Amino acid sequence: MKKILTASAYILLAACTVVSHQAMEDNEQYVVDTPYVENQTLTENTATEAYAIVAARTVNKMLDETSEYYDKSPRPHLYVMPPEKQDENTQDGIYQARFETINIIEGSKTYVLVNNLNDAEYYLKISAKNISLQNQTPAISYHLALYSADNVQLREWTQVIKQVQNDDKSWW
């Protein structure tokens with residue numbers, strides 16, 4: 001009798017385990033993220049990286065084309081103005097772009113960066129805005145303008161970076 005009772009208990013335990021497992025499977029939910037959903041908005045992370053990339057391109061172009069200003073000795077003093085958002089949709093990645101701009105100029109050792117506009121021989125205005133290209137592709141326009149201390153605009157540069165139309169929505 002003891003063997004029958006023990007065997008019955010094992011059978012009952014096994015049945016409860018199967019029923020319990022079946023109940024868990026019935027309540028499982030699966031979340032599927034499709035990378036193919038069309039999203040034409042700028043996300044904070046990709047926009048920050050995109051601002052840094054477009055800033056680097058623009059600053060490098062500026063440095064290539066302004067050697068007549070910084071080839072003299074001693075190196076001229078340059079002040080980098082706080083960035084201007086040209087529309088309310090411009091994200092805070094513009095501040096990362098200014099940081100990138102300052103780092104590249106410091107690393108190039110072409111200008112001496114100063115923290116006060118009154119100490120500068122030149123100043124650099126930064127502005128950016130989000131734009132939408134013909135096919136509704138999100139893009140960022142980054143603009144630099146070099147001014148002399150007496151407020152005369154010497155040169156300006158603009159670069160545009162757009163979001164690639166692929167699955168991962170990367171920027172180039």
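Here's a quick briefing on helix 4 and the aromatic residues around the loop that comes after it. This is a predicted model, with local features needing pLDDT of at least 70 and side-chain atom pairs counting only at pLDDT 80 or more, while totals for chains, interfaces and linings use all residues. Residues are numbered from 1 along each chain as its sequence is written, and side-chain values use heavy atoms, leaving out hydrogens and water.

**Helix 4**
- Helix 4 covers residues 93–108 (helices are DSSP runs of H or I, at least four residues; strands are runs of E, at least two; both are numbered from the N terminus).
- Its 16 residues reach 23 Å from first C-alpha to last, close to the 22 Å expected (1.5 Å times one less than the number of residues).
- G93, I94, A97, T101, I102, I104 and I105 are buried (under 20% relative accessible area; exposed is over 50%, partly exposed in between; 1.4 Å probe, protein chains only).
- Right after helix 4 comes K109, with a positive phi near 55 degrees.

**Aromatic pairs**
- There are four aromatic pairs in the structure (Phe, Tyr or six-membered Trp rings with centres within 6.5 Å; planes under 30 degrees apart are stacked, over 60 edge-to-face, the rest tilted).
- Y70 and Y111 sit 5.4 Å apart, centre to centre, with planes at 70 degrees, so they're edge-to-face.
- That pair links helix 3 (residues 67–70) to the loop between helix 4 and strand 3 (112–113), 41 residues apart.
- Y111 also pairs edge-to-face with Y122, at 6.4 Å and 75 degrees.
- Y122 is in strand 4 (residues 122–132), so this pair ties together parts eleven residues apart in sequence.
- Y111 is buried at 2% relative accessibility, and Y122 is buried at 8%.
- Y69, Y70, Y111 and Y122 make up one aromatic cluster.
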